[in-house]
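Biologist: Please take me through this model, and set each term that you use against its definition.

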Amino acid sequence: MSPKAQAALIAKLTALADDELILSHRDSEWTGHGPILEEDIALANIAQDELGHASTWLSLRQALDGTDPDRLAFFRDAEEFRCAQLLELPKGDWAFTMLRQYLFDRYELHWLSAATASTYPPVAEAAAKILREERFHLQHTQAWVERLGQGTEESNRRLQAALEGQWGYAQQLFVPLPGEEILVGEGIVPELRRLKEDWLENVTRHLQASGLKLPLPPGYQPHSREHHTEHLWSLLAEMQSVARWDAEARIW
Amino acid sequence: MVSPAPWPSAEAVWAALEGIPDPEIPVVNVVEMGIVREVQVHEGRATITMTPTFSGCPALHTIRESLEHAVRKLGLEAEVRTVLSPPWSTDWISPEAKQRLERYGIAPPKPVGDLIQLEPSPTRCPRCGSLDTTLKNSFGSTLCKSIYVCNTCHEPFEGFKAV
Ligand SMILES: [Zn+2]
């Protein structure tokens, strides 16, 4: 791999991991606060899966540049994170959380399916592994979108409000990183523009069938993963507090 | 080639690893769960290849440490490698282990078959054997299990996800 491609791949792996890590933290905020016990457990499982996926992507990065995944997760400042802004937004209500997870799961399913054909075997292997776990997420969140959309007037209203709030942010998932075209050219990662068409078609169909109003005006669409919402700072302050207080965690 | 190696054989290592229970489901061991993929012994050093069940499984660290510990107890140096490919499948769980899971109260995983089909055949209640059961939640007490309820004996139970 050329040094340029390697640098682009390190950046991409970091962005993939950061999406999973930040979403995992937002989901984990529901632990102990879920609407019913079974859903509390389900979302805690999903959060744990996403954390595992973040760890998988960071271990691929570690193989390239030797960085320690724990250091990256717990000792970087907000400016160094490369997550999409959608995933930073506060957890909101149940409709907001379920919709975000659904939009992300659907994107991930398309991305991972395509990435199983990566010319870089570690990416292909990780994608195949993660894909097996992700299909359970999509099954779950897709059902929730339908349930809330077709449930009561209130649940529909809340889901529609969540959709209007998230729609523009979700588009950022399909904005390539600077230099990503090198990776696409070498067949290491799939091209986002193509995936976006599939994603758009799929989510539009499901959301409309669930009683939601689409299409929507694009709204605010973040472009660079170097910029973050103010929410990332407070999220990290909590997520990183234990590791920064006692990195060795020898005392329980 | 001439004299037998003074080191324990790969078979002896496999046998030792069979003594390691799965930390989350102790009625089955890590070998019959299909977590240990390969054992190589070379001049006092055992290289174990393992594969994670679920990426986020919190038991992975414990399993890795247990593998190293079991190998060292045989007087060998231990190296544990993790591979992701081919991805772990519940089809690798041995038939004996599946029976033990059922006796333990966990419906064993069905053959994976077509991955797109999420619920291909009914899940049998491990308590009364009824096939009239309902999936209540794809997610259970651990990443590898779902929650079901039996419509015959009305008891909830856990079932292994087929992956
Ligand atoms: Zn029963």
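Modeller: Six residues of domain 1 of chain B are in contact with five residues of domain 2 of chain B. The model is predicted: local features need pLDDT of at least 70 and side-chain atom pairs count only at pLDDT 80 or more, while totals for chains, interfaces and linings use all residues. Residues are numbered from 1 along each chain as its sequence is written, chains are lettered from A and ligands numbered from 1 in the order in which they are written, and side-chain values use heavy atoms, with hydrogens and water left out.

Biologist: What makes these residues count as in contact?

Modeller: Contact means heavy atoms within 4.5 Å. The domains themselves, 10-82 and 105-160 of chain B, have bounds from an automatic or database domain assignment. Their C-alpha centres lie 28 Å apart.

Biologist: How much area do domain 1 and domain 2 of chain B bury between them?

Modeller: Buried area is the accessible area (1.4 Å probe) that two parts lose on being put together, summed over both. For these two domains of chain B it is about 470 Å², with 84% on carbon and sulfur atoms. On the side of domain 1, B:Glu24, B:Ile25 and B:Phe54 lose the most area, together 78% of what that side buries.

Biologist: Which classes of residue form the side of domain 1 of chain B that touches domain 2?

Modeller: That side has four nonpolar, one polar and one charged residues. Here Ala, Val, Leu, Ile, Met, Phe, Trp, Tyr, Cys and Pro count as nonpolar, Asp, Glu, Lys and Arg as charged, and the others, Gly among them, as polar. Between the two domains of chain B the count of salt bridges is zero.

Biologist: How many salt bridges does the rule find across the interface of chain B and chain A?

Modeller: Zero are found there, although chain B and chain A bury about 2,200 Å² between them. In this interface 23 residues of chain B are in contact with 21 residues of chain A.

Biologist: Why is the pair A:Asp18 and A:Arg76 called a salt bridge?

Modeller: A salt bridge is a side-chain nitrogen of Lys or Arg within 4 Å of a carboxyl oxygen of Asp or Glu. The side chains of A:Asp18 and A:Arg76 meet at 2.8 Å, N to O, so the pair satisfies that rule. A:Asp18 lies in helix α1 (residues 3-28) of chain A and A:Arg76 in the loop between α3 (69-75) and α4 (94-115), so the pair ties together parts that are 58 residues apart in sequence. Helices here are DSSP runs (H or I, at least four residues), numbered from the N terminus.

Methods
Helices (H or I, at least four residues) and strands (E, at least two) are DSSP runs, numbered from the N terminus.
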